[in-house]
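Student: I'd like to go through the pockets, cavities and chain contact of this structure with you. Could you bring it up so we can begin?

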Amino acid sequence: MDWIDQLIQEGTKAVDEVEVYYGEGTSVSADLKKRTIHLATNSIDCGLGIRVIHKGQIGSSSTSNPGQWRKCLAAAIASSKLATAQAWEGLPEQKPLPEIPSSFDPTMKIEPESARDLLSRMLEGAETHPADVTSGSAGLSSVEVTLANSNGIRYTDHHTGVSLSLEAIYKQSTGYEFDSAWSVSMVDPAAVGERATFFARNSSEGEEIATGEYDLLLSPLAYAELLGGVFVPALSGRSVHAKRSRLGEFLGKSVVSEQVSMYDDPHRPGPGGSIAWDAEGIPTRRIDFVRDGVLQCFAYDLKTAYRYGRKSTGSAVRGGSNGLPSIGHHNFVVDGVRSCVDDSRVLYVNNLIGAHTANPLSGDFSVELSNVFWMENGEFQEPVRSAMFSGNVFDLHHHIAGMSQKSRTVGSCILPSIKINNQHIIGK
Amino acid sequence: MQGITYFDLRHVTGESTHIDIDNSVVESAGTSFTNIAVLRVLSGHGWGILQIDNYTPCKGKKFEDLLERARRLAGITEEKVVLGEAPSGILPVPPIREDPYEIPLEEKSALLAAIEKGARSPGIVNTRANYIERVENVHFSDSSDNEFSYRMTRSGFNVLAVASRNGDLQMGYEREHSIHGFNLRHQEDTGRKAATTALALLDAGAPKGGKLRAVLDPELAGVFAHEAVGHASEGDLIFEGNSVLKGRTGEKIGNEILTIVDDPGTHEFGFDPVDAEGVAVTRTEIIRKGVINAFLHSRETLAAVGNGSAGHARAMPGEPPLVRMSNTFIEAGDATEEEIFAECKNGIFLKGSRGGQVDPGRGVFQFNAEYGYLIENGECTRMVRDVSLSGEILTTLHGIVLCGNKRVMSPGYCGKGGQSVPVSDGAPHILLTDAVVGGSGLD
């Protein structure tokens, strides 16, 4: 795109370096109210993010109107003048990139009819159990992102995405299920419908549980809520150096049970987070944060790496074109020794209410459980009506007693169900 | 245009300014620009909705093309949407005392740095302050020739202090956000307050979970009203059958002293001069004297469900309106703070909010206090941390037995359907019996 070259040329007259992040996309979604389609939406998105660096001062701005890039560039330059100067060794240059599997489905039809078909297949699946559908959604999207900088980088990435969700109720018992992937052929709408109504119907008429210590099996969904809000942010190099991470002093030490490993795998076939370059143009690679229970490293972007004399791990991500790059992950995987975690009697927890209220620094949490069942021999047994679960996210990781054979993608995490023994449950 | 029975367009342009100071380093400071519109069309069935980044207002053929695209989307919908009658109209936006837009970024940055500096003290290992300012120019028009324009400016700051000792990390967090103008001046004490809280929490214990008598401060009691009652009274959830309050109008679910209100017209952080579909905003008493009285509605849910008023549709720029809360509060009663603590006698005092969540269909809610104190013989004693409260909507409200005589509102943001909108919650101090308190302490 000529205007991007022009922008960079114009910018480098005033500052040392310029970086441009431009995204264009379209998406279509349709929503259910009860069992009928209530609305259909088409969104046409574009966004430009500019970052400039001058003598170690970093400035930024963004706009949804690329025609006004001059105004946006001027705002980014003005912004750099306020920032505290830091050690800076330059934006990256164009390099050979790793080969990664595509996350783009050229056959995907971003049309309302495609969304309608997905909804009907979910509704068919929902017929399996006698629960009422309350709401649901199906969406398809296609996004093209370009990263360019004054050191010659011109990278483009094209992603497609499909996402589904359904909510159901039976008497006073609710159920929720979702799925997402980069291709329509990879989602299972009927299973989403079946699972949402299964949880609504079968969580009903649960018995109360006495306060005490129990062995829990957290579903990938429930586990993701605790992991994503507390543990993963503590692996950010910025949190560590800012002394906001409880893992800061644990390099080379045990931070989880020894059968557990954690890594970021940006080259994995399948999940939507796979990409060959990070949000600053650094080629991505696998990062082994935790190997066999022992903490190996933290995640860095360029800014944090330059400031503290480290190397970028290719971990820069952007929430969209209107944000600055920050430290994150592409596909965060929890892996390790798998076993049958549901043979002996265990309390299965499908979801949590209020996990985002956990203390993000200390890791202490207290949440209400949702869709809880006794489970034995791999089968759901009687439901539990309600219970609270209190504990500490970091401590809990030392008590992981097992991981299920299968994993599932929840947002940008790929997780098994985890078994944790002797956890404190507050009953009624 | 043929077949189109209704349309509305909400166009928002604006600027947002942020400053992030972390351990005395200005990490970033700058301004970004927004221009986004949402066009909704009805043509016999459900909604066709176009979301357009970088929208240029247009007329004639160009606008008709947009309408046609939205109409085509609506072609797959099945539900027959009917819009209830509701008065349109706009309130004046309250005047701003000092317009943040007019203040140079350098001055804002220096003032924020002073707040961040206020949080530094021995034992504090990290201090961070953020400033955020959003100026939105909103233009609404619809097919009934209603047209409204207004400009809203919201600004404020957060300050965080992290205390550390022997591997334990605790935080103190303060925030001030306002629609009344620039609020960064003379706030150094707010930074100091965050530090004092963080340090004190290092010595706080974990409470023992179980059923207790609890005193909630106005901020947390406000979140209680929001989570336990507000969401479940939203007309879209009632219509979907996803709320335990459905079909319970007139039912008594709390004591006589309990009245819970949502009022978008109040000059607090959740203020809207007109709702997101052009309807005049109105005060709705959700619970009146313990009885379920009215629901929050958009025009559509008003027609589908009834009981309550439209004027509660809200939207993020570029997003379709949803039924939302704005300024939600428990009305003040007549008890003094002293009476509340004396009546509690032994229990727990919960202060501040780390947010909450509700499953309105199941009728179960959870929320978390920033910290608290044990109450022994009517006096606050040992400090406790990481205390949460959960309960069931239909039974817990009966446990509110005293409401204080002074209501205070607190600003925040509320998430629903992927949209986050500014809100405020508030209450007086309240006494709650049989509160289910979560905590990992064993004594």
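Student: Which element gives the most to the lining of the second largest pocket?

Tutor: Happy to start there, and keep in mind that this is a predicted model. The second largest pocket holds about 870 Å³ of space, and 37 residues line it, with E176(B), E219(B), V408(B), M409(B) and S410(B) closest to its centre. The elements that give two or more residues to this lining are β6, α3, α4 (218-230) and β23 (408-416) of chain B. With six residues, the one that gives the most is β6(B).

Student: How do the residues of that lining divide into nonpolar, polar and charged?

Tutor: Here Gly is counted among the polar residues. On that basis, the lining of the second largest pocket divides into 10 nonpolar, 14 polar and 13 charged residues.

Student: Let's turn to enclosed space. How much space lies in the largest cavity?

Tutor: Searching the whole structure for cavities of 30 Å³ or more gives three of them. The space in the largest cavity is about 110 Å³.

Student: Which element of chain B provides the largest share of the lining of that cavity?

Tutor: The lining of the largest cavity has 13 residues, and M171(B), G172(B), L201(B), R354(B) and E370(B) lie nearest the centre. Two elements of chain B give two or more residues to it: β6 (168-178) and α3 (188-202). By class, the lining has four nonpolar, four polar and five charged residues. The largest share, five residues, comes from β6(B).

Student: Now the two chains. How much area do chain A and chain B bury between them?

Tutor: The size of an interface is often given as the accessible area lost when the parts come together. In this model the contact takes 73 residues from chain A and 78 residues from chain B. Carbon and sulfur atoms carry 51% of the buried area, and the total between chain A and chain B is about 6,300 Å².

Student: How many salt bridges are there between chain A and chain B?

Tutor: A salt bridge here needs a side-chain nitrogen of Lys or Arg within 4 Å of a carboxyl oxygen of Asp or Glu. K303(A) and E27(B) form one, with their closest N and O atoms 2.8 Å apart. Between chain A and chain B the count of salt bridges is 11.

Student: And which strand gives the largest share of the side of chain A that touches chain B?

Tutor: By class, that side of chain A has 25 nonpolar, 29 polar and 19 charged residues. The largest share, 11 residues, comes from residues 36-54 of chain A, which form strand β2.

Key
Residues are numbered from 1 along each chain as its sequence is written. Chains are lettered from A and ligands numbered from 1 in the order in which they are written. This is a predicted model: local features need pLDDT of at least 70, side-chain atom pairs count only at pLDDT 80 or more; totals for chains, interfaces and linings use all residues. Side-chain values use heavy atoms; hydrogens and water are left out. On a 1 Å grid over the protein atoms alone, a cavity is a set of points where a 1.4 Å probe fits but cannot get out, and a pocket is an open set with protein on both sides within 12 Å along at least five of seven lines; lining residues have an atom within 4 Å of a point. Grid points are joined across faces, edges and corners, and a volume is the space filled by probe spheres set on the points. Helices (H or I, at least four residues) and strands (E, at least two) are DSSP runs, numbered from the N terminus. Contact means heavy atoms within 4.5 Å. Buried area is the accessible area (1.4 Å probe) that two parts lose on being put together, summed over both.
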